[in-house]
Amino acid sequence: MNFDFLPKYYMLFLDGTKYTILIAVFAVLFGILLGILFSLMRLSKVKVLNCIATVYIEFVRGTPLLVQLYIIYFGLPKLGINFPEIEAFGSSFPDVMAGIIAMSLNSGAYVAEIIRSGIQSVDKGQMEAARSLGMGSSMAMRYVVLPQAIRNILPALGNEFVTIIKDSSITSVIGIHELMYNADTVRGNTFRPFEPLIIAALIYFVLTFTVSSLLHKFERRLSLSDRG
Amino acid sequence: MIEVKNLNKDYGNLSVLKDINVNIEKGEVVVIIGPSGAGKSTFLRCLNLLETPTSGEIIFEGKNVTKKGTDINKIREKMGMVFQQFNLFPNMKVMDNITLAPIKVKGQDENSAKETAHRLLKKIGLEDKSDAYPNQLSGGQKQRIAIARALAMSPDVMLFDEPTSALDPEMVGEVLNVMKELAGEGMTMVVVTHEMGFAREVGSRILFMDDGKIVEEGKPKDIFSNPKNPRTKDFLSKVLSNDF
């Protein structure tokens, strides 16, 4: 093991980490928004909405992220959607956008299923009790069912965040200078196949471990307040 | 107050309620008894549309509950319901369980909602539990809170769906006492129960249901001491002989 390359190349790792975090944060954000939308569609009584959401979710879950990424990356320009280059952005902005869009669309399907199962795991009696008190269904959802569903959802949602951080490494194949891409660059420049990957792995682990510990803390706070 | 006309409820091919006709007057305590699967709970749940009737009409205080376009939420505000499984909101303190609907649905301000809640908690003998969470309470306490929660909306009628069936035997009494007190105050009540003592003592009218039909109805003393229908006789002889 020889980490002599670090003083010269550490900036590449830090830069890469920045892009990894950037992609992950936006993918989580849009993934949740899409997930809420699709889960409501799945639970909706309107057949068309339900059908669209089901097809979408099954397609995303049944195809590899890598394929989805390529489809978005090569497909967006074909559809006439071209993002401009932005100089200040450093790494290629259109590439980053394609990465974020693909990751978000992918995550949205998984989050939708997580939310749906969370809502369905709340006892039916809760909705009935709320309705029997004169609440409309959206009011009952908001004040009674969702707060309880969120507690059931959190652990699985935490896993999804961690998965997004790890899977963002796939976006290196479309040339986004995120952590994995830059680790590869260092590997090529230093002719050291092993050590740069160790550094990358360590950084990924620190990121995922931080996220999961924070979520654990949050979960515990929620369950404490539940017991009074 | 509640008028039920030709009420039918089917699940697919299974007919659970068959042509039910009942009139419930203000101040009455109607107790529905009968074997499991007779459709008692389904009937009760049809009254506030937790189950959608297949056909028939339910008129509550002059409004047709079953007609499309009726604001069912407005009607449910006036029909309190108590469930077998309590269905308290486990993530909320007792106080919030009781005040949630008055504040969100009726738009009461927090202070007056809390005042009402305190008064109700006092009435059911649980004034010290307002800051407790439901899972810190016994079954009997939970069910009394559930009654208070329904009462907080100041309903005109209270529906009880086997309120004591999920309770340990020693806790049945405390819940029945609250219900008895409520009946004494003139609350209109529809109660599905297996507590024959309660039916006889508190009920102003008994409905005996079997196989989706109201087989016999009448005053408690008539039904219990002199049942006419053979099914009623059979049921009562079995149930009452359990009191060794």
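# Exercises on a predicted two-chain model

Chain A has eight helices and zero strands, where helices (H or I, at least four residues) and strands (E, at least two) are DSSP runs numbered from the N terminus. This is a predicted model, in which local features need pLDDT of at least 70 and side-chain atom pairs count only at pLDDT 80 or more, while totals for chains, interfaces and linings use all residues. Residues are numbered from 1 along each chain as its sequence is written, chains are lettered from A and ligands numbered from 1 in the order in which they are written, and side-chain values use heavy atoms, with hydrogens and water left out.

## Exercise 1: chain A as a whole

Task: describe the order of elements, the extent and the burial of chain A.

Solution.
- Step 1. Read the elements from the N terminus: they run α-α-α-α-α-α-α-α.
- Step 2. Take the extent: the C-alpha trace of chain A spans about 70 × 50 × 30 Å along its principal axes.
- Step 3. Turn to burial: 44% of the 228 residues of chain A count as buried. Buried means under 20% relative accessible area, exposed over 50%, and partly exposed in between (1.4 Å probe, protein chains only).
- Step 4. Look at contacts (heavy atoms within 4.5 Å). Among those in chain A with a separation of 6 or more, 76% come from residues 24 or more positions apart.

## Exercise 2: the interface

Task: work out how chain A and chain B meet, and which helix of chain A gives the most to the side that touches chain B.

Solution.
- Step 1. Count the residues: 22 of chain A are in contact with 26 of chain B.
- Step 2. Consider the area. The size of an interface is often given as the accessible area lost when the parts come together. Here the two chains bury about 2000 Å² between them, 56% of it on carbon and sulfur atoms; buried area is the accessible area (1.4 Å probe) that two parts lose on being put together, summed over both.
- Step 3. Find the main contributors in chain A: Glu128(A), Ser132(A) and Leu133(A) lose the most area to chain B, together 29% of what that side buries.
- Step 4. Look for charge pairing. There is one salt bridge between the chains, a salt bridge being a side-chain nitrogen of Lys or Arg within 4 Å of a carboxyl oxygen of Asp or Glu. Glu128(A) pairs with Arg45(B), with the closest N and O atoms 2.6 Å apart.
- Step 5. Assign helices: helix 5 (124–132), helix 6 (137–167) and helix 8 (195–227) of chain A each supply at least two residues of the side touching chain B. Helix 5 gives the most, with seven residues.

On the chain B side of that salt bridge, Arg45(B) is one of the buried residues of helix 1. This helix (residues 40–47) is mostly covered, as eight of its eight residues are buried. Just after helix 1 of chain B, Leu49(B) takes a positive phi of about 60°.

## Exercise 3: salt bridges within the chains

Task: locate Arg42(A) and Glu113(A) in chain A, then compare their pairing with that of Glu110(B) and Lys114(B).

Solution.
- Step 1. Start from the total: 22 salt bridges over all chains.
- Step 2. Arg42(A) forms one with Glu113(A), the closest N and O atoms being 3.1 Å apart. This pair links distant parts of the chain, with Arg42(A) in helix 1 (residues 6–43) and Glu113(A) in helix 4 (residues 93–120), 71 residues apart. Glu113(A) counts as buried at 9% relative accessibility.
- Step 3. Extend the picture: Arg42(A), Glu58(A), Arg61(A), Glu113(A) and Arg116(A) are linked in a network of salt bridges.
- Step 4. Move to chain B, where Glu110(B) and Lys114(B) form a salt bridge with closest N and O atoms 3.4 Å apart. They are separated by about one helical turn because they lie four residues apart in helix 4 (residues 110–123) of chain B. Glu110(B) is partly exposed at 48% relative accessible area, and Lys114(B) is partly exposed at 32%.

## Exercise 4: an aromatic cluster

Task: trace the cluster that holds Phe3(A), Phe5(A) and Phe13(A).

Solution.
- Step 1. Apply the rule: rings of Phe, Tyr and Trp (its six-membered ring) pair if their centres lie within 6.5 Å, and planes under 30 degrees apart count as stacked, over 60 as edge-to-face and the rest as tilted. This gives nine aromatic pairs over all chains.
- Step 2. Phe3(A) and Phe5(A) make a tilted pair, 6.1 Å centre to centre with 45° between the planes.
- Step 3. Phe5(A) and Phe13(A) have ring centres 6.5 Å apart and planes at 45°, so this pair is tilted.
- Step 4. Add burial: Phe3(A) is partly exposed at 30% relative accessible area, whereas Phe5(A) and Phe13(A) are buried.
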